[in-house]
Amino acid sequence: MRYPSQTMKTLFITAAGCLIACSILAQATITVDVNKPGHAVPPTLWGIFFEDINLSADGGIYPELVRNRSFEDSDQPDHWKLSNAAGGQSAMNVDDSAPLNPLNRHSLRVKVNGAFTLENEGYWGMNIVKGDSYTFRFAARATDGFTNPVNAKIVSSSGNELAGAEISRFAGNWRYHTLDLVAFDSDPKARLQISGSGQGTLFLDMVSLMPRTTWKGHGLRTDLAEALQALHPSFMRFPGGNWIEGDDLAHMYHWKTTIGDIDARTPLWNTWGYNTTQGLGFEEYLQLCEDLGAEPLFDINCGMSLHDSVPLGQMGQWTQDALDAIDYANGPTNTVWGGLRAQNGHPAPFHLKYMEIGNENGGPDYYARWLLLVNAIRAKYPDMQLIANTDLRGRPYPRDPQPDIVDEHYYESPESFTRRANQYDTYSRSGPKIFVGEYAVTRNAGEGNLRAAIGEAAFMTGIERNSDVVIMASYAPLFVNVDHRAWNPDLISFDSSRWFGSPGYYVQQMFSENRGDVTLPITVDSGDVVEKPAIGCIGVGTWNTEAEFKDIKVTAPDGNVLFTSDFSTNSDGWKLLGDGAEWKVQDGALRQTAEKEFIRAIAGDRSWIDYTLELKARKLGGREGFLVLFHINNDQDRVWWNIGGWNNTQNAVELDEPTDMKAGYIETGHWYDIKIEVRGISIKCWLDGKLIHEILKPREATHRLYASTTQDRRTGDIILKVVNAADTPVNTEIKLQGVPHLSGSGKSMVLTSNSPWDENSLEEPAKVSPEAGTFDFPGDNLHRTFPGNSVTVLRIGMK
Ligand code: AHR
């Protein structure tokens, strides 16, 4: 008997493996009519949206290293520490007896009695780099006989001096003192110390430490600005978002308080939970746009905050502010506002062409204010492109007067995004143009995983194909300081010295770098995949509410008990999540006492499919009721029954979006019996034995492949973007019709990873990032296998 040699055997096995693999590979066809070019791709298509959320500006791209430099954060010296040495008894407090200027009311008073050290660690450590220069500057005055010098030092996290110098000669009135400090070692977690000794009183204000080297010399953190530049944005919407609305009338954004002398800008408590210095003000935003080569798109407050509105009769200041903003950005230098721009360092106009009125307002109050503002702006600036918003409740955009552009926002699951890939195919071509001003996969997205990027990319192919109507799009939010994650996920995460892009960041980059200038008609025949059954573990949570939970039990459909809670001594087995959460075990229950948003505790097995979850819950205080989580795959998932949500007015099951919303109210102090049963596509929810929701969530089909094609008319390159939204590879025949001379070779960029749940991190910033390659193909015969969960850009040249 003869046996095949080892080599033969390997070949045989490989061939057999290929046969099996090839036969089970899904097949698809993509057809592109290269000889029938469609509409031009608008040059504005891919841009960015900058909102000061998650410490994106202060603590982020605005590189002030000192936190609470002007002591305006509160009436306490937040983020400052005073320590006494050698028996000293100095003390500090926030003082408003003699402000630095009328707009900078607070300063720090140090009652000096012996040796003291003031310390500020900035935003979780200051990034100090060996050999780099830093400007240390403060305003100071001394009274009650304080005459000694003080030392300003930058120290490493282990206390070693990295740079320092002495400052002396304080006067009774405010005087600025400046030092140029060069670091003789590096530490990303350094701190600032100001120490002195003696007797008397020392007042400090505007205590600032800034790197001398900033991006293009315009005062921004270089690595983060470069991260934006690498996206090649063609516009930048700023500065919000909810940020421009503010929580109430007193906290609305007014651009005029954010220009000129940095010491006289009005700080603003922002809706994302921190005080902003306005160091990144209107003029810095405009400068950033100019430096990025991006069209500025200014979003102005329309007299509406998140919770109240300026009376219609008092809107004069708001219309004037809108006109003045345009004058400031564009006016000649011999006008009031153009002159001020020149005085602030930028005589040339910024060429502002796009202005959005409000953010996510919607409804009659908005329509009335839209009318006022638009009429005033169009009377003076008829060419300004005015953008109206739509709110997240789906109320229509204002029709009177017609907007030039309408801003739509989407925050949904990956599957919803893939389904939206075709929504613009049927949009009116005679109405206003569309700006997708905010979009992101926010469900099952982790802190920004590959699966989320796939959903966004599929949606973006639809935007590109329909870019005759959708002329601008920007992901949101852009930045997050990893130590202050108010919103998740975000495109670019950073700490004091490092940053990384999410997989979605690379999708943005791949689309932006490969735009082309004309679309080519494309048809995709790839078959459908049906959504997989929902799986995941369970949890409990709160939103601005204190509550406790006990007797939590999960039972399989066959009656087998899968899980029971035991809070007799601890919360072992539970993952406690949420910024600022205060979980503890007490009296046999798991209790949460912080009135913060998005607080969760999760437990169980992430592969559970069908089960019944039972528990008892009691509200202790706060604004809402309970969140009862199920089918949790990822720590950031928001699949829950929201009981007493929306300020304790509604119950709803939050799946892709709030479903089956019904009036509901949770009483404080009452122990509620809660039960959720999930079986296949059915979800049932009971409260105190009463069936509240009975939902069928059919598993929807999505296509395997989503694609769009453009052509670069200068090089002739055909640019094909293909998203494989299925989990498995798809073997695809690509027919490029009507092209006489294909080059037979091309370049590829592929974004994929081992698991759709893979994410990047500070430690592994490029784990999910695109790989570049080249390929050859004979004649017109182009075949390619697109890996499951991948985004591919192919550039195919002409001969
Ligand atoms: O992008 C985060 C927030 O989401 C924005 O501030 C707001 O406009 C939207 O609801």
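**Exercise 1. Find the strand that holds T201 in this predicted model, then decide whether T201 is buried or exposed.**

Solution.
- Start with the location: T201 sits in strand β13, which spans residues 199-211.
- Next, check the accessibility. T201 comes out at 2% relative accessibility, and the cut-off for buried is under 20%. So T201 counts as buried.
- Now look at the side chain: T201 and D144 are joined by a side-chain polar contact of 2.5 Å.
- Finally, collect the neighbours. Skipping anything within four places in sequence, T201 is in contact with R109, V110, K111, R141, A142, T143, D144 and F146.

**Exercise 2. Work out which residues give the ligand's oxygen atoms their polar partners, and how much of the ligand the protein covers.**

Solution.
- List the shell: E51, G241, N242, W272, N359, E360, L392, Y411, E438, A476, P477 and W487 surround the ligand.
- Sort that shell by type, and you get six nonpolar, three polar and three charged residues.
- Go through the oxygen distances. For E51, a side-chain N or O atom is 2.6 Å from a ligand oxygen. For Y411, a side-chain N or O atom is 2.7 Å from a ligand oxygen. With N242 the partner is a polar backbone atom, 2.8 Å from a ligand oxygen.
- Then take the area: on its own the ligand has 280 Å² of accessible area, and the protein covers 97% of that.

**Exercise 3. Place G669 in the fold and say what it touches beyond its neighbours in sequence.**

Solution.
- G669 belongs to the loop between β40 (658-663) and β41 (671-679).
- Its relative accessible area is 43%. Partly exposed covers the range between 20% and 50%, so G669 is partly exposed.
- Leave out residues up to four places away in sequence, and G669 touches R618 and K619.
- Take K619 a step further: it is 50 residues from G669 along the chain, yet their C-alpha atoms are 5.6 Å apart.

**Exercise 4. Pick out the buried residues of helix α2 and name the elements they pack against.**

Solution.
- Helix α2 runs over residues 222-229, and its buried residues are D223, L224, A225, A227 and L228.
- Those buried residues pack against two helices, α4 (282-292) and α10 (503-513), and against the strands β2 (48-49), β23 (479-481), β24 (492-494) and β25 (499-501).

**Exercise 5. Decide where the coordinates deserve caution, using pLDDT.**

Solution.
- Take the chain as a whole: the average pLDDT is 94, and 97% of the residues score at least 70.
- Then check residues 1-23, where pLDDT is below 50. Beyond near neighbours in sequence, this stretch has three contacts in the model.
- Apply the rule: where pLDDT is low, don't read the predicted coordinates in detail.

Note on methods
Residues numbered from 1 in each chain as written. Predicted model: local features only at pLDDT ≥ 70, side-chain atom pairs only at ≥ 80, totals over all residues. Heavy atoms only, no water. pLDDT = per-residue confidence, 0-100. Contact = heavy atoms within 4.5 Å. Near = heavy atom within 4 Å. Polar contact = N/O pair within 3.5 Å; in protein donor to acceptor, adjacent residues only side chain to side chain. Areas by Shrake-Rupley, 256 points an atom, 1.4 Å probe, with all protein chains shown as cover. Nonpolar A, V, L, I, M, F, W, Y, C, P; charged D, E, K, R; others polar. Buried < 20%, exposed > 50% of the residue type's maximum accessible area, 1.4 Å probe, protein only. Helix = DSSP H or I, 4+ residues; strand = E, 2+ residues; numbered from the N terminus.
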